[in-house]
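Q: Please take a close look at one helix of this predicted model and its setting. I would like to know what covers its buried side, what lies on the other side, and how its neighbours fit into the picture.

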Amino acid sequence: MRRVVAALALLLGLVLGEVAWPQTTADDLVARAKVKYDAEDADGCIADCNKAIELDARSTEAYCTRALAKDRRGDVDGALADGNKAVELNPRDSAAYSSRAFARYSKEDLDGALADCGKAIELDPRNSSAY
């Protein structure tokens, strides 16, 4: 019974604005964006990545995830720009290269895609998306 009363008090406090919702971090938004990407909600994924980048402009993971969603939506130039930004922010991140590889492949830049996959594998041989 005490738990129910405590839960109702918390809910009432949230509704009345007396208790703050937990702050959402860039990592939280990227995690949600990945779920949306997996659910084939490219627009929702991009929206969450945009918010994550507003909170943390150096979030390589947000740029990588947004690149994949833009590529899925057909915005290949946008995907390539995000892939380039991810590589620029963290040239030691295997995922940055594999994300850019997808965009390069979509632009029919097969040599560039192959080079990015090679670099991704060099940095992390367990990155299965690079194979």
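A: The cover over the buried residues of α2 includes the helices α3 and α4. In this predicted model, the residues of α2 that count as buried are Ala26, Leu29, Val30, Ala33 and Tyr37. Viewed down the axis of α2, these buried residues fall within an arc of 100 degrees, so they line one face of the helix. The face turned away from that buried side carries the exposed residues Asp27, Val35 and Asp38. As for its length, α2 has 13 residues, which at 1.5 Å a residue should span 18 Å, and the 18 Å between its end C-alpha atoms agrees with that. After α2 comes glutamate 40, whose phi is positive, near 65 degrees.

One of the helices covering α2 is α4, and α4 deserves a description of its own. Helix α4 runs over residues 60–73, and its 14 residues reach 20 Å from the first C-alpha to the last, close to the 20 Å expected at 1.5 Å a residue. Of these 14 residues, 10 are buried, so α4 is largely enclosed by the rest of the structure. The buried residues of α4 are Thr60, Ala62, Tyr63, Cys64, Thr65, Arg66, Ala67, Ala69, Lys70 and Asp71, a list that includes residues such as Arg66, Lys70 and Asp71 alongside Ala62, Ala67 and Ala69. The cover over them includes α2 (26–38) and α3 (42–55), and also α5 (76–89) and α6 (94–106). Thus α2 is among the helices that cover the buried residues of α4, just as α4 is among those that cover the buried residues of α2. Glycine 74, which follows α4, has a positive phi, near 100 degrees.

The cysteines in this part of the chain can be considered next. Cysteine 64, one of the buried residues of α4, has a relative accessibility of 5%. Its sulfur lies 9.5 Å from the closest cysteine sulfur, that of cysteine 49, which is too far for a bond. Cysteine 45 is likewise buried, at 0% relative accessibility, and the closest cysteine sulfur to its own is again in cysteine 49, at 4.3 Å, still too far for a bond. Since a disulfide requires two cysteine sulfur atoms within 2.5 Å, neither of these distances qualifies, and a search of the whole structure finds zero disulfides.

Helix α6, which is among the elements covering α4, is also where arginine 100 is placed. With a relative accessible area of 11%, arginine 100 is buried. Leaving aside residues up to four places away in sequence, arginine 100 touches Leu80, Gly83, Asn84, Val87 and Asp116.

Set against the chain as a whole, these helices belong to a total of seven, with zero strands, and the order along the sequence is α-α-α-α-α-α-α. Of the 131 residues in the chain, 40% are buried. Among contacts in the chain with a separation of 6 or more, 46% are between residues 24 or more positions apart. The accessible surface of the chain comes to about 8,200 Å², and carbon and sulfur atoms account for 54% of it.

Definitions and conventions: Residues numbered from 1 in each chain as written. Predicted model: local features only at pLDDT ≥ 70, side-chain atom pairs only at ≥ 80, totals over all residues. Heavy atoms only, no water. Buried < 20%, exposed > 50% of the residue type's maximum accessible area, 1.4 Å probe, protein only. Helix = DSSP H or I, 4+ residues; strand = E, 2+ residues; numbered from the N terminus. Expected span 1.5 Å × (residues − 1). Contact = heavy atoms within 4.5 Å. Arc of directions from axis to C-beta. Areas by Shrake-Rupley, 256 points an atom, 1.4 Å probe, with all protein chains shown as cover.
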